[in-house]
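Trainee: Could you take me through one part of this protein at close range? I'd like to hear about the nonpolar core, and then how that part fits with everything around it.

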Amino acid sequence: MTAAAKALHIRLPPLPSIKDVIRLYKLRALKELSQNFLMEPRLIDKIVRAAGHIQNHVVCEVGPGPGGITRSIIQKAPRKLILVEKDGRFIPTLELVADACKDKVDVDIIRDDILKINIAQYIPSDTKVDWFETPPPINLIGNLPFSVSTILMIRWLEMISKQEGPWSFGRVRMTLTFQKEVAERMAANISHPQRCRLSVMCQNWCNVNYKFDIPGDAFLPKPDVDVGVVTLTPLKHPIIKLPFKLVEKVVRQIFSMRQKYSIRGAQTLFPEEVREEMALRMYKMAEIDPVTRPFQIANTEFQRICEAYNEIIQKYPEFENYDYRAPKKKSTADDNLVEQPTGDPQLCL
Ligand code: SAM
């Protein structure tokens, strides 16, 4: 470490270890909040290092829990730290850490649900940069709770597509953990066994980088699965420059029958009477072979399919709101509602 870098490294006063904090505050992990605490300082620091340069940055940590990652972030001397934690039991331990660095780092502790909160309101306006410039000095970091990680990612992708929330400040970077399998799906390229809807969606709006694995036994309690650390940087230009909902619908339907020819899933974008004809027309316009399997379709090919679908719904607006999954009216006298089959939702994500 150079002398200059050393000077900017914040040394926290002696604090009880994370293990002691958990014991002292009787912080029994709650399964319903996907609480698995990362106990290994070496791995904690590795996650924070994966975020790159964060000194003088505004960092938002999702789910700080007892504060292991929080301490490591503070040591890197950020300008401001925004902590979003749903479980009120952790607030005193986070206040302890905030107090220990109060002269050096501005820490906001927010007891809330990351799925409900608007992080943007806590970010200083002077960090804002143009979307096409290098990313702003803002980072989102989190050892995410498994129960919300995929929902959160999809929600954030939609915000990125609209340049909303933290992304109204520019191309804010993320360093996040997921179940290993989910992390692999996010980064999976064409023909990778894990390629699915999440791969296409993440890669359409972000540069996705699978950084490293964390074995399950580095956590307390040990989860049933290993964990993958992923960094995401929003792209200047998405590959498919169409509204999020449209892209999501097309990609979801095509992956709804993952092992079949992709045209089978594509047909479900259209009402039964015209299904075969319209899907074939869409594939012809996009120059895609109908017998390609969904996981063999490259992002740029999805771009052509989405554009063809968009052209079709401009011409036939009645198809735009067609939803294969919507309950269908039975043509019987009692007018009962029946559910449509949806394919395997697990495989979609
Ligand atoms: N950061 C800590 C670590 O690495 O040891 C804890 C990580 S633990 C996997 C997930 C954390 O997210 C827990 O502290 C949990 O209470 C919190 N959490 C769960 N759901 C949340 C939500 N919807 N919004 C904010 N925090 C949440």
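Mentor: Here's a walk through the core, then the domains, the whole chain and one spot at the surface. Bear in mind that this is a predicted model.

Let's start with the core you asked about. The largest nonpolar core has 69 residues. Inside it, the residues with the most contacts are Trp156, Met174, Met186 and Met282. This core isn't confined to one domain: at least three of its residues come from domain 1 (18–234), and at least three from domain 2 (244–326).

Zoom in on Trp156 for a moment. Leaving out residues up to four places away in sequence, Trp156 touches Val62, Ile114, Ile119, Leu140, Trp167, Met174 and Leu176. One of those partners, Met174, is also on the list of residues with the most contacts inside the core. So if you click on Trp156 in the viewer, you can pick out its neighbours one by one.

There's another core too, lying apart from the one we've been looking at. That one has 37 residues, including Ile18, Phe37, Leu38 and Ile214.

Now the domains themselves. The protein is divided into domain 1 (18–234) and domain 2 (244–326). Where they meet, domain 1 puts 17 residues into the contact and domain 2 puts in 14. Taken over C-alpha atoms, the centres of the two domains are 34 Å apart.

Step back to the whole chain and you'll count 13 helices and eleven strands. The C-alpha trace spans about 70 × 45 × 35 Å along its principal axes. Of the 349 residues, 51% are buried. If you take contacts between residues at least 6 apart in sequence, 69% of them join residues at least 24 apart.

On the outside, the protein exposes about 16,900 Å², with carbon and sulfur atoms supplying 50% of that. As for charge, there are 49 positive and 42 negative ones, and their mean positions are 4 Å apart.

For a contrast with the core, look at Asn321, which sits in the loop between helix 12 (299–315) and strand 10 (328–329). Asn321 counts as exposed because its relative accessibility is 69%, and the cut-off for exposed is over 50%. To place that loop residue, use Ser149 as a landmark: Asn321 is 172 residues from Ser149 in sequence, and their C-alpha atoms are 28 Å apart in space.

Terms used: Residues are numbered from 1 along each chain as its sequence is written. This is a predicted model: local features need pLDDT of at least 70, side-chain atom pairs count only at pLDDT 80 or more; totals for chains, interfaces and linings use all residues. Side-chain values use heavy atoms; hydrogens and water are left out. Helices (H or I, at least four residues) and strands (E, at least two) are DSSP runs, numbered from the N terminus. Buried means under 20% relative accessible area, exposed over 50%, partly exposed in between (1.4 Å probe, protein chains only). Contact means heavy atoms within 4.5 Å. Accessible areas come from the Shrake-Rupley method with a 1.4 Å probe; for residues, only the protein chains shown count as cover. Lys and Arg count as positive and Asp and Glu as negative; His and the chain ends are not counted. The place of a charge is taken as NZ of Lys, CZ of Arg, CG of Asp or CD of Glu. A nonpolar core is a set of buried Ala, Val, Leu, Ile, Met, Phe, Trp, Tyr and Cys residues joined through side-chain atoms within 4.5 Å. Domain bounds come from an automatic or database domain assignment.
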